[in-house]
Amino acid sequence: MTAVPALELEKIGMEFGRTVRVRALSEVSLSIAPGEVCALTGPTGSGKSTLLAIMGTLERPSAGRVRVEGVDVATARDRTLARLRAQRIGFVFQTFQLHPRLSALGNVEQGLAYSAVSPSERRERAVAALADVGLADRAEHLPTQLSGGEQQRVAIARALAKEPSILLADEPTGNLDQAAAEMVVDLLLEGAGRQRALVLVTHNDALAGRLPRVVRLERGRLVADGSNAAA
Ligand SMILES: Nc1ncnc2c1ncn2[C@@H]1O[C@H](COP(=O)(O)OP(=O)(O)O)[C@@H](O)[C@H]1O
Ligand SMILES: [Mg+2]
């Protein structure tokens, strides 16, 4: 028996705009197995962020079918989609998206606000997740009191504290210097090592080369999907 894929995309199309139509994606088909680690590459404007948002059920495609852990996104109830986003999918964005008024610990806890987790367990998990990314001693710091690399590590802790089965990261190292970027990628790969699928969007070829599978988009089309012998 083969396992249900973590993500299954069938002929995904996406158009934006009513008067002037922008075709962001055309006929993208892709399947990602549970625990599979994959880089999503391509030039700016090729549709990477749009595809990632569709994988995370943040956007609905104009055409095609999306299944997340076997759940058909088009026909699922809102409640089911909300549960997927709250408990099964962890997001990490280029601009960190931390709440500016909450401490590092508060941000990680807030990430669990919609999980079926009691407040005391929320606190416990958040403390552990911050320790996992090496920020135990920064728990009470506000985002402005942290470096970019540290802010992204808080965002990773927030995503991992959910114990998601799918991690989606959109150019998570785009705003970071080399050393911070490497740490962030190490943490994402480590997080993915615990039976989590990871889709990492990057236009950095050296970074993509560290991952076992590389999918490439150009002008909204999937133009390459290969395994990386070196990874
Ligand atoms: N909300 C939107 N409204 C209109 N056009 C959009 C929107 N989001 C993305 N696009 C367009 O879709 C294309 C793909 O964008 P995007 O997915 O952000 O690419 P990438 O992440 O690879 O840089 C671009 O032409 C972009 O301008
Ligand atoms: Mg993008």
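This report describes a buried strand, a loop residue and a set of salt bridges in a predicted model.

**Strand β8 and its neighbours**

Strand β8 spans residues 197-201, and because 5 of its 5 residues are buried, the strand is largely enclosed by the rest of the structure. The side chains alternate in direction: A197, V199 and V201 point one way from β8, while L198 and L200 point the other way, and residues on both sides are buried.

Two strands are paired with β8. Strand β3, residues 37-41, runs parallel to β8 and is joined to it by 4 bridges, with L40 standing opposite V201. Strand β7, residues 166-170, also pairs with β8 in the parallel sense, here over 5 bridges, and within that pairing A169 has L200 as its bridge partner. The connection between β7 and β8 involves helix α6, residues 178-193, and these three elements make a right-handed β-α-β unit.

**The loop before β7**

E163 belongs to the loop that lies between α5 (148-161) and β7. Its relative accessibility is 47%, and since exposed would require over 50%, E163 counts as partly exposed. When neighbours within four places in sequence are set aside, the residues in contact with E163 are Q87, R125 and R196. R79, by comparison, is 84 residues away from E163 along the chain, and the C-alpha atoms of the two are separated by 19 Å.

**Salt bridges**

Side chains of opposite charge can pair when their charged atoms come close. The structure holds 14 salt bridges, and the table lists some of them with their N to O distances.

| Acidic residue | Basic residue | N to O distance |
|---|---|---|
| E10 | R67 | 3.2 Å |
| E15 | R21 | 2.9 Å |
| E15 | R23 | 3.1 Å |

In the pair formed by E10 and R67, E10 lies in strand β1 (residues 7-16) and R67 in strand β4 (residues 63-68), so the salt bridge ties together parts that are 57 residues apart in sequence. Both side chains keep some accessibility, since E10 is partly exposed with a relative accessible area of 35%, and R67 is partly exposed at 22% relative accessibility. This pair is also part of a network of salt bridges that links E8, E10 and R67.

E15 meets R21 in one salt bridge and R23 in another. E15 counts as partly exposed at 27% relative accessibility, and R23 is likewise partly exposed, with a relative accessible area of 49%, whereas R21 is exposed, with a relative accessible area of 58%.

How values were computed: Residues numbered from 1 in each chain as written. Chains lettered and ligands numbered in written order. Predicted model: local features only at pLDDT ≥ 70, side-chain atom pairs only at ≥ 80, totals over all residues. Heavy atoms only, no water. Buried < 20%, exposed > 50% of the residue type's maximum accessible area, 1.4 Å probe, protein only. Pairing = 2+ DSSP bridges. Right-handed = clockwise from strand over helix to strand, strands pointing away. Contact = heavy atoms within 4.5 Å. Salt bridge = Lys/Arg side-chain N within 4 Å of Asp/Glu carboxyl O.
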